[in-house]
Amino acid sequence: MVGAACDTVLAQAYAVRDTRSIANVETARPIIEAVVSELRERGQRDALAPALLRETVDTYVRIVALLDKHAAQRLDAVANLAVRIGSTMRLPPSAVLDIELAGRLHDIGMLGLSAACGVEALEQHPAIGEAFLKSVPSLAHLAAIVRSHHERYDGRGYPDGLSGDEIPLPSRIIGVAAAFVDLISLSPARESVLPATACRKLAASSGTEFDPNVVDATLHLLRYRQRTRRSA
């Protein structure tokens with residue numbers, strides 16, 4: 001999948017004659033291919049120690065950064081917030097670790113895709129990410145989390161239309177974290193909003209798009225209610 005992403009980025013760069021991007025991808029390609037090969041071999045023979053898992057995921061995020069620095073920064077931001085939400089919900093360390101790792105990889109299926117692909121193609125990225133993780137033995141247990149991070153609590157999400165507790169809790173947490181990060185971040189698609197406004201939007205979608213318990217934990221973490229009382 002990473003090789004295909006390189007091909008897509010190269011094609012886009014050639015189309016606009018972006019010589020800098022072309023040089024970057026051509027330089028990075030052999031490094032990426034060697035690292036991916038080594039990680040897959042190591043994942044088959046080594047124990048699933050947290051340090052090794054973090055090192056493996058960190059390497060993949062570095063690969064993402066070679067192709068899209070902004071996307072890599074967003075993955076880290078989403079994972080960091082998701083971990084804090086999981087800790088606020090008093091989840092066990094093993095679950096928080098899964099949230100951290102899956103959060104840093106949840107959009108890896110977007111590599112090589114662009115807005116020009118159309119909505120239907122973009123909505124395949126959770127399944128693409130799932131397939132990629134299943135191909136890496138040490139990370140295969142994260143595949144279902146990544147597949148379900150765009151499901152909605154009311155069952156109107158994708159790719160499977162899961163609802164409520166059918167959606168893995170780590171996926172529900174990552175979904176809320178990703179929504180908050182996207183709302184407060186500058187994007188070509190939308191203007192950023194203040195954190196308080198983002199919190200209000202999360203609260204408005206509680207019970208429909210998002211798990212109410214996850215939203216409550218997030219608002220508590222961000223001290224949204226305390227700020228609104230002070231501003232009243």
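The paragraphs below walk through the fold of this protein chain and then through some of its side-chain pairings. The model is a predicted one, and every distance and area quoted here is computed from it.

The protein chain is built from 12 helices and 0 strands, so that, read from the N terminus on, the order of its elements is α-α-α-α-α-α-α-α-α-α-α-α. Of its 232 residues, 42% are buried, and the accessible surface amounts to about 12000 Å², with 52% of that area belonging to carbon and sulfur atoms. Among contacts between residues at least 6 apart in sequence, 58% join residues at least 24 apart.

Helix H3 offers a starting point for a closer look. Covering residues 50–67, H3 has 18 residues and spans 26 Å from its first C-alpha to its last, which is close to the 26 Å expected at 1.5 Å a residue. Its buried residues are Leu 52, Leu 53, Thr 56, Val 57, Thr 59, Tyr 60, Val 61, Ile 63, Val 64 and Leu 67. One of these, Tyr 60, has a relative accessible area of 1% and counts as buried because the limit is under 20%.

Tyr 60 also leads to the aromatic pairing, for which the count comes to 1 pair. The partners are Tyr 60 and Phe 132, arranged edge-to-face, with 5.1 Å from centre to centre and 85 degrees between the planes. Because Tyr 60 lies in helix H3 and Phe 132 in helix H7, this pair ties together parts that are 72 residues apart in sequence. Phe 132, like its partner, is buried, with a relative accessible area of 4%.

Helix H7, residues 125–134, also holds both Glu 130 and Lys 134, which are 4 residues apart, about one turn of the helix. In an α-helix there are 3.6 residues a turn, so residues three or four places apart point the same way. The side chains of Glu 130 and Lys 134 meet in a salt bridge, with 3.4 Å from N to O. What is the relative accessibility of each partner, and is each buried or exposed? Glu 130 is buried at 13%, whereas Lys 134 is exposed at 54%.

That salt bridge belongs to a total of 12. In another, Asp 154 pairs with Arg 152, the closest N and O atoms being 2.7 Å apart; here Asp 154 is partly exposed, with a relative accessible area of 30%, and Arg 152 is partly exposed as well, at 22%. Asp 211 and Arg 172 form a further salt bridge, at 2.6 Å from N to O. Since Asp 211 sits in the loop between helix H10 (195–204) and helix H11 (212–221), while Arg 172 sits in helix H9 (residues 169–184), the pair ties together parts that are 39 residues apart in sequence. Both Asp 211 and Arg 172 are buried. Elsewhere, Asp 58, Arg 62, Asp 76 and Arg 104 are joined into one network by salt bridges that share partners.

Helix H9 also contains Ser 171, a buried residue with a relative accessible area of 1%. A polar atom of the Ser 171 side chain lies 2.8 Å from the backbone oxygen of Ile 145. Leaving aside neighbours within four places in sequence, Ser 171 is in contact with Ala 144, Ile 145, Ser 148 and His 149.

Terms used. Residues are numbered from 1 along each chain as its sequence is written. This is a predicted model: local features need pLDDT of at least 70, side-chain atom pairs count only at pLDDT 80 or more; totals for chains, interfaces and linings use all residues. Side-chain values use heavy atoms; hydrogens and water are left out. A salt bridge is a side-chain nitrogen of Lys or Arg within 4 Å of a carboxyl oxygen of Asp or Glu. Helices (H or I, at least four residues) and strands (E, at least two) are DSSP runs, numbered from the N terminus. Buried means under 20% relative accessible area, exposed over 50%, partly exposed in between (1.4 Å probe, protein chains only). The expected span of a helix is 1.5 Å times one less than its number of residues. A polar contact is a pair of N or O atoms within 3.5 Å; within protein, one must be able to donate a hydrogen and the other to accept it, and residues adjacent in sequence count only if both atoms are side-chain atoms. Contact means heavy atoms within 4.5 Å. Accessible areas come from the Shrake-Rupley method with a 1.4 Å probe; for residues, only the protein chains shown count as cover. Rings of Phe, Tyr and Trp (its six-membered ring) pair if their centres lie within 6.5 Å; planes under 30 degrees apart count as stacked, over 60 as edge-to-face and the rest as tilted.
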